[in-house]
Amino acid sequence: MEAADYEVLSVREQLFHDRVRECIISILLFATLYILCHIFLTRFKKPAEFTTVDDEDATVNKIALELCTFTLAVALGAVLLLPFSIISNEVLLSLPRNYYIQWLNGSLIHGLWNLVFLFSNLSLVFLMPFAYFFTESEGFAGSRKGVLGRVYETVVMLILLTLLVLGMVWVASAIVDNDKASRESLYDFWEYYLPYLYSCISFLGVLLLLVCTPLGLARMFSVTGKLLVKPRLLEDLEEQLNCSAFEEAALTRRICNPTSCWLPLDMELLHRQVLALQAQRVLLEKRRKASAWQRNLGYPLAMLCLLVLTGLSVLIVAVHILELLIDEAAMPRGMQDAALGQVSFSKLGSFGAIIQVVLIFYLMVSSVVGFYSSPLFGSLRPRWHDTSMTQIIGNCVCLLVLSSALPVFSRTLGLTRFDLLGDFGRFNWLGNFYIVFLYNAAFAGLTTLCLVKTFTAAVRAELIRAFGLDRLPLPVSGFPRGSRKKQHQ
């Protein structure tokens with residue numbers, strides 16, 4: 001063999017080893033996420049649904065739980081996708097010739113983006129509908145009972161749902177873009193239909209983030225305040241402990257003497273209330289034993305960090321709005337080749353990249369807090385060891401929609417200059433200047449409005465509580481007009 005043939009074989013062998021290495025790394029990363037998500041879901045599932053007398057229902061719930069674990073792992077991977085890419089670029093930029101990080105390259109990052117996109121499509125279009133129909137199915141009438149009968153019914157329902165969604169997307173594409181080429185492209189299922197459907201779902205996810213994130217940014221202050229110990233000026237723990245003890249004593253007396261009340265009592269509800277009060281009292285005791293550093297330094301620093309992160313997010317979005325008016329390069333776009341390690345995606349270098357990663361995680365946590373704080377999705381909030389299988393499926397779907405839209409959301413708001421890789425950058429609406437500009441303006445306006453309203457209300461409530469004005473009797477002017485008329489009469 002000639003030298004050229006040996007060189008070709010060497011290149012092919014090196015390419016093969018690179019692909020195997022990337023595959024092993026991807027499997028290890030996904031296996032880690034899968035284990036973490038499985039441990040997380042087992043803490044919220046309802047044990048009674050997995051230890052029923054009917055083994056068939058328990059088997060169905062276990063299969064559905066594994067599908068939910070897969071979906072949640074994909075959602076967590078979508079959250080980590082952009083931060084991992086930004087950090088990888090800075091590491092390669094700082095250590096370009098380090099032997100121990102040769103596995104970290106653009107091909108691996110590009111492959112992870114494609115895998116997340118593929119698994120997100122698979123979970124949203126097939127796995128989660130299959131899990132829901134599987135838990136609700138009972139088998140066809142007249143067929144043999146068992147798990148296999150449920151599988152047949154679920155597959156039939158999933159095929160019918162796929163045809164329905166396919167027809168709706170085809171009609172929507174014909175209405176929006178009345179072009180023969182665009183309609184014929186939808187016949188290519190994998191190349192055009194799934195990316196187009198995922199583009200619609202991602203757009204809904206971005207709109208959901210637009211609503212939930214400002215609400216969550218405002219709610220983060222109150223949520224953090226409940227987790228941390230406030231200074232004594234803002235919180236009276238002794239009074240809360242006394243109130244909790246009095247309420248527990250009253251409920252215990254009512255349980256011991258049920259005949260003292262002429263109304264029928266729900267003993268199970270009373271027992272749950274007593275347990276909740278006992279847990280609350282234990283938490284209050286721990287907070288009372290907190291040190292002076294935790295009380296006087298932890299709470300102000302946490303509030304200051306939240307205020308700085310929120311203000312920085314709004315400032316970056318405001319600057320990005322100005323850049324959209326001046327520079328066309330500020331528009332979000334896709335990038336087919338992940339050229340990592342060549343230039344930093346932040347003007348501040350590694351420090352700016354760290355700020356970008358922190359802001360991305362902060363906005364994702366805020367969007368989740370806002371999602372579960374909204375009246376529309378508050379019923380989906382998971383409960384410790386008391387979440388039904390249907391609620392778990394709904395939570396996994398919503399979290400996947402939010403997390404898969406996070407890279408597009410971050411790039412649209414200008415939080416990072418890292419362009420979208422793979423099919424994430426093929427969304428048609430990303431190139432529309434008016435949509436991107438209005439989205440940035442709406443986010444900045446909603447966030448500012450929610451913060452001003454929440455912050456002023458929180459400060460007013462804390463001042464009233466600190467000076468004891470909340471314990472004063474209401475004046476006559478506080479009564480409604482009807483009550484005042486009755487008093488005058």
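In the predicted model, F30 and Y34 share helix α1. Four residues separate them, about one turn of the helix. Their rings form an aromatic pair. The centres lie 6.4 Å apart, and the planes meet at 40°. This geometry is tilted, because the angle falls neither under 30 degrees nor over 60. F30 is partly exposed, at 23% relative accessibility. Y34 is also partly exposed, with a relative accessible area of 23%.

A second pair, F433 and F437, is stacked. Here the centre-to-centre distance is 5.7 Å and the angle between the planes is 20°. Both residues belong to helix α13, which spans residues 433-466. They are four residues apart, so about one helical turn separates them. F433 has 29% relative accessibility and counts as partly exposed. F437, at 23%, is partly exposed as well. Neither residue counts as buried, because that class requires a relative accessible area under 20%.

In total, 14 aromatic pairs were counted. The tilted pair of F30 and Y34 also belongs to a wider group. F30, Y34, F70 and F119 form one aromatic cluster.

Helix α1 also contributes to a pocket. The second largest pocket has a volume of about 720 Å³. Its lining comprises 26 residues. Closest to the pocket centre are F40, L72, V368, Y372 and L399. Four helices each supply at least two lining residues: α1 (3-42), α2 (55-94), α10 (350-373) and α11 (389-404). Helix α10 provides the largest share, with six residues. By residue class, the lining holds 21 nonpolar residues, three polar and two charged.

These elements sit within a protein chain of 14 helices and two strands. The chain has 489 residues, of which 41% are buried. Among contacts with a separation of 6 or more, 80% join residues 24 or more positions apart. The exposed surface of the chain amounts to about 28200 Å². Carbon and sulfur atoms supply 67% of that area.

How values were computed
Residues are numbered from 1 along each chain as its sequence is written. This is a predicted model: local features need pLDDT of at least 70, side-chain atom pairs count only at pLDDT 80 or more; totals for chains, interfaces and linings use all residues. Side-chain values use heavy atoms; hydrogens and water are left out. Buried means under 20% relative accessible area, exposed over 50%, partly exposed in between (1.4 Å probe, protein chains only). Contact means heavy atoms within 4.5 Å. Accessible areas come from the Shrake-Rupley method with a 1.4 Å probe; for residues, only the protein chains shown count as cover. On a 1 Å grid over the protein atoms alone, a cavity is a set of points where a 1.4 Å probe fits but cannot get out, and a pocket is an open set with protein on both sides within 12 Å along at least five of seven lines; lining residues have an atom within 4 Å of a point. Grid points are joined across faces, edges and corners, and a volume is the space filled by probe spheres set on the points. Ala, Val, Leu, Ile, Met, Phe, Trp, Tyr, Cys and Pro count as nonpolar, Asp, Glu, Lys and Arg as charged, and the others, Gly among them, as polar. Rings of Phe, Tyr and Trp (its six-membered ring) pair if their centres lie within 6.5 Å; planes under 30 degrees apart count as stacked, over 60 as edge-to-face and the rest as tilted.
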